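These are my notes from a first look through a structure that was new to me. I wanted to see how the helices meet before turning to the chain as a whole.

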Amino acid sequence: MAMDPFSQLILTISVTSFLTFQWLFHRVSPWMSIRISSGFLQLSDKQKVEWNSRTVSTFHALLVGLFCLHILFFDDAVNENPVWGDPTLVKINVAITTGYLISDLLLIFYYWKAIGDKFFVIHHLAALYAYYYVLGQGMLPYFANFRLLAEFSTPCVNQRWFFEVLGYPKSSRPNMVNGVAMAVVFFMVRVAVMPVYYGRMYAVYGTEAFYLVPWGGRVAWICSSICLDVMNIMWMHKIARGCYKVLRSAQRSKSGAPQENGKTD
């Protein structure tokens with residue numbers, strides 16, 4: 001059975017996205033990083049792998065995050081019918097993310113000793129399972145797009161690692177500004193939005209539109225959301241604790257008070 005032209009376009013975007021993110025990892029990031037940061041050449045091979053992975057991650061987050069905001073503010077069809085609204089723009093954005101997630105999974109498995117993380121594997125697989133229903137059947141476009149808002153926290157998380165590996169002290173001004181921004185943005189786009197997300201989910205629960213979603217789609221929608229949000233709360237807890245410790249340490253340093261055990265982290 002032949003694919004319709006739009007499905008072919010979505011498949012093409014996903015494959016192009018996958019190849020582009022592989023190219024960014026293997027070619028663009030190393031070339032660009034040498035020119036932007038002299039510290040890149042001093043990194044170990046494992047650190048360079050993670051550096052390139054995070055560079056690509058930041059690019060993906062900004063690209064799909066901005067696209068996501070455009071849909072959230074201007075795509076009336078999706079906002080008025082969150083379960084079955086016209087998913088055209090959402091499908092394009094999700095196709096880009098699907099290509100990225102598959103690319104990143106491949107890199108995670110290939111460079112497991114450098115960037116292997118079971119939580120990221122679970123995160124990526126849960127997201128891909130949910131996106132299968134968006135791309136394949138066009139359902140739940142509002143909820144799929146809303147989840148992509150979370151990507152806005154990624155650049156700050158990655159920048160924190162860049163500062164750390166380049167040897168910036170935790171109490172340095174760039175590190176502290178980024179740390180506070182990371183905690184605030186992470187909370188806003190991953191935790192504070194939960195009531196809005198689940199409120200919208202509750203509003204459509206039990207409606208005719210809800211019952212038109214097959215069981216597999218409901219599982220992908222509800223279970224994946226809960227799975228991802230449990231991890232988001234865990235990560236938020238770690239980020240908040242880290243941010244508090246650094247700010248407390250900096251305050252003590254400024255006031256000249258002795259630090260416990262001589263440690264600042």
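**Entry 1: α1 against α4**

I began with a pair of helices in this predicted model, and found that the axes of α1 and helix α4, which covers residues 88-110, come within 8 Å and cross at roughly 40°. An angle from 35 to 65 degrees falls outside the parallel and perpendicular classes, and α1 and α4 are therefore oblique to each other. I then looked up the hand of this crossing, and α1 passes α4 in a right-handed one.

Next I listed who touches whom: on the α1 side the contact includes Phe-6, Ile-10, Ile-13, Phe-18 and His-26, while on the α4 side I noted, among them, Lys-91, Ile-92, Tyr-100, Leu-106 and Leu-107. Sorting the residues of this contact by character gave me 13 nonpolar, eight polar and one charged.

**Entry 2: α1 against α2**

I turned to helix α1 (residues 5-36) and helix α2 (residues 45-74), whose axes come within 9 Å and cross at roughly 110°. Since angles of 65 to 115 degrees count as roughly perpendicular, that makes α1 roughly perpendicular to α2. The crossing of α1 past α2 is right-handed.

From α1 the contact draws on Phe-21, Leu-24, Phe-25, Ser-29, Pro-30, Met-32 and Ser-33, and from α2 I wrote down several partners, including Val-49, Trp-51, Asn-52, Phe-59 and His-60. Here the residues divide into nine nonpolar, six polar and no charged. Going back over both lists, I saw that Phe-21 and Phe-25 of α1 appear in the contact with α2 and also in the contact with α4.

**Entry 3: the chain as a whole**

How many helices and strands does the protein chain have? I counted 12 helices and zero strands, so that, read along the sequence, the pattern is one α after another, α-α-α-α-α-α-α-α-α-α-α-α. The radius of gyration is 20 Å, close to the 18 Å that the globule rule gives for 265 residues, so the protein chain is as compact as a globular protein of that length. Along its principal axes, the C-alpha trace spans about 65 × 40 × 30 Å.

**Entry 4: an annotated stretch**

Last, I checked the UniProt record, an unreviewed entry, and its annotation "domain: TLC" covers residues 46-248. Over residues 46-248 I found the chain to be 83% helix and 0% strand, with the end C-alpha atoms 32 Å apart.

Methods
Residues are numbered from 1 along each chain as its sequence is written. This is a predicted model: local features need pLDDT of at least 70, side-chain atom pairs count only at pLDDT 80 or more; totals for chains, interfaces and linings use all residues. Side-chain values use heavy atoms; hydrogens and water are left out. Axes are lines fitted to C-alpha atoms, for helices over the stretch in contact, and angles run from 0 to 180 degrees between N-to-C directions. Helices (H or I, at least four residues) and strands (E, at least two) are DSSP runs, numbered from the N terminus. Angles under 35 degrees count as roughly parallel, over 145 as roughly antiparallel, 65 to 115 as roughly perpendicular and the rest as oblique. A crossing is left-handed if the near helix is turned anticlockwise from the far one by less than a right angle, and right-handed if clockwise. Contact means heavy atoms within 4.5 Å. Ala, Val, Leu, Ile, Met, Phe, Trp, Tyr, Cys and Pro count as nonpolar, Asp, Glu, Lys and Arg as charged, and the others, Gly among them, as polar. UniProt positions are given in the numbering used here, feature names are shortened, and annotations may be inferred rather than shown by experiment. The radius of gyration is taken over C-alpha atoms; the globule rule is 2.2 Å times the number of residues to the power 0.38.
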